[in-house]
Amino acid sequence: MTSIEKIKMNKANPTTLILGGVNFLGQELVESLIDQKGFVIMLDDINKGNIEYVRKYLDSDLFLFTDNSTLGELKDELSRIDYIVYLTDLVSSSNTEIESEEFLKRSNLLSETLKLSLHFKSKFVLCTSLPVFENSSVTTKSKSIHDYDVTELQTYSESLTKEYIKKASLNARVVRLGEVVGYGMEIKNTDSNFVRLCKLALSAKPLTIYGEGLELRSYVNVKDASLGILKSLFEDKTKDKIYSLCYPQNITALSLAYKIAEVEPKAGHIVFKEGEESKGVFTEKSEDNLSEIGWEAKIPLERSIAQV
């Protein structure tokens, strides 16, 4: 079935646009929305790896995968977009540097998405993992004068979204996530502390902690994260709100290592070393408003570790 045929047959169905969804969180959102008979359009870079990632959905009448470059065409091709989920800025580590060209590309993508949301009067959710590093002993790497870090990108994205809310009355909200973990998590190309320790445990190697291991991190299971994102869209009176989705208590790197050792029998003993460690995501706490959307973390961290 062609893209146009899918669009025509789903005119009466609630339509959700997901940007940056070629990951296990995007996959969880797609499955939840399709289960509710919603039509899902996912925008991301079209390449061999991404196509393979979403291949199991491609034959579904309720799923359409298209390239980011087609965003501007959707205004003419679609009669409705009810919800927009923006996942493009999510990270698991703050060490990633973003070149100026990539920063401009992402900022333009967000701007065009916000305009599209205004056109269709969609409910928009920006998902970020804005790191706030308090009392961190980790020394940050020097960066090029031409580079940006993830914190700068996400701060810009939140500010732009808030500007659209204030000046154009966009129906938008922000969901800040702890590091998303659990079933389906990609561990090959991720540099977070959680993944590093899981890899060591699975390889029966000692669990290396850099420094004292007292840096705080926050996590959230992928299913809980997906549910919270959808609740922020579906529940009433969530416009212009910020929701922080993570376990109630942040956890130190050392405590995480002990939990991983309890779950994985092959894990070696814990050792301490001096050196620089990949920063984790410490979610800035917003006001205690999660009861407004009926959300709480239900899947324990220990189960999330076992799923990985």
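Is Lys121 buried or exposed? Select Lys121 in your viewer and turn the model until you can judge for yourself. Lys121 has a relative accessible area of 73%, and a residue counts as exposed when that value is over 50%, so Lys121 is exposed. Keep in mind during the tour that this is a predicted model.

**The whole chain**

Switch to a cartoon view. The chain holds 10 helices and 15 strands. Of its 308 residues, 51% count as buried. Now think about who touches whom: among contacts between residues at least 6 apart in sequence, 83% join residues at least 24 apart.

**Two lysines in loops**

Go back to Lys121, which is found in the loop between H5 and E6. Most residues other than glycine have a negative phi. Lys121 has a positive phi of about 60° although it is not a glycine.

Next, select Lys237, in the loop between H8 and E13. Its phi is positive too, near 60°, and this residue is also not a glycine. Lys237 counts as exposed because its relative accessibility is 75%.

**One step along the loop**

Move on to Thr238, found in the loop between helix H8 (222–234) and strand E13 (242–245). Thr238 has a relative accessible area of 1%, so this residue is buried. What does Thr238 touch, not counting residues up to four places away in sequence? Show Ala172, Arg173, Ser232, Tyr243 and Ile293 as sticks, and you have its contacts.

**Helix H6**

Select residues 150–168, which form helix H6. At 1.5 Å a residue, its 19 residues should span 27 Å, and the end C-alpha atoms are 26 Å apart, which agrees.

Now color the buried residues of H6: Val150, Leu153, Gln154, Ser157, Glu158, Leu160, Thr161, Tyr164 and Ile165. Look down the helix axis, and these buried residues fall within an arc of 160°, so they line one face of H6. A general rule helps here: an α-helix has 3.6 residues a turn, so residues three or four places apart point the same way.

What do the buried residues of H6 pack against? Show strand E5 (97–99), helix H5 (100–120), strand E6 (123–128), strand E7 (147–149) and strand E8 (172–177) to see these partners. Then rotate to the face turned away from the buried side, which carries the exposed residues Lys166 and Lys167. Just after H6, Ser169 takes a positive phi of about 55°.

**Helix H7**

Select residues 193–202 for helix H7, which is mostly covered: 7 of its 10 residues are buried. They are Asn193, Phe194, Val195, Leu197, Cys198, Leu200 and Ala201.

Add the elements that these buried residues pack against. The strands are E9 (179–181), E10 (207–210), E11 (216–217) and E12 (219–221), and the helices are H9 (253–263) and H10 (301–307). Just after H7, stop at Ala204, which takes a positive phi of about 60°.

**An empty space inside**

For the last stop, we look for space between atoms. Rolling a probe the size of a water molecule over the atoms shows where empty space is left. How many cavities of 30 Å³ or more are there? The count comes to 1. About 40 Å³ of space lies in the largest cavity.

Select Ile7, Asn10, Lys11, Thr15, Phe39, Leu78, Ser79 and Arg80 to see the lining of the largest cavity. By class, this lining has 3 nonpolar, 3 polar and 2 charged residues.

Notes. Residues are numbered from 1 along each chain as its sequence is written. This is a predicted model: local features need pLDDT of at least 70, side-chain atom pairs count only at pLDDT 80 or more; totals for chains, interfaces and linings use all residues. Side-chain values use heavy atoms; hydrogens and water are left out. Buried means under 20% relative accessible area, exposed over 50%, partly exposed in between (1.4 Å probe, protein chains only). Helices (H or I, at least four residues) and strands (E, at least two) are DSSP runs, numbered from the N terminus. Contact means heavy atoms within 4.5 Å. On a 1 Å grid over the protein atoms alone, a cavity is a set of points where a 1.4 Å probe fits but cannot get out, and a pocket is an open set with protein on both sides within 12 Å along at least five of seven lines; lining residues have an atom within 4 Å of a point. Grid points are joined across faces, edges and corners, and a volume is the space filled by probe spheres set on the points. Ala, Val, Leu, Ile, Met, Phe, Trp, Tyr, Cys and Pro count as nonpolar, Asp, Glu, Lys and Arg as charged, and the others, Gly among them, as polar. The expected span of a helix is 1.5 Å times one less than its number of residues. The arc is that of the directions from the helix axis to the C-beta atoms.
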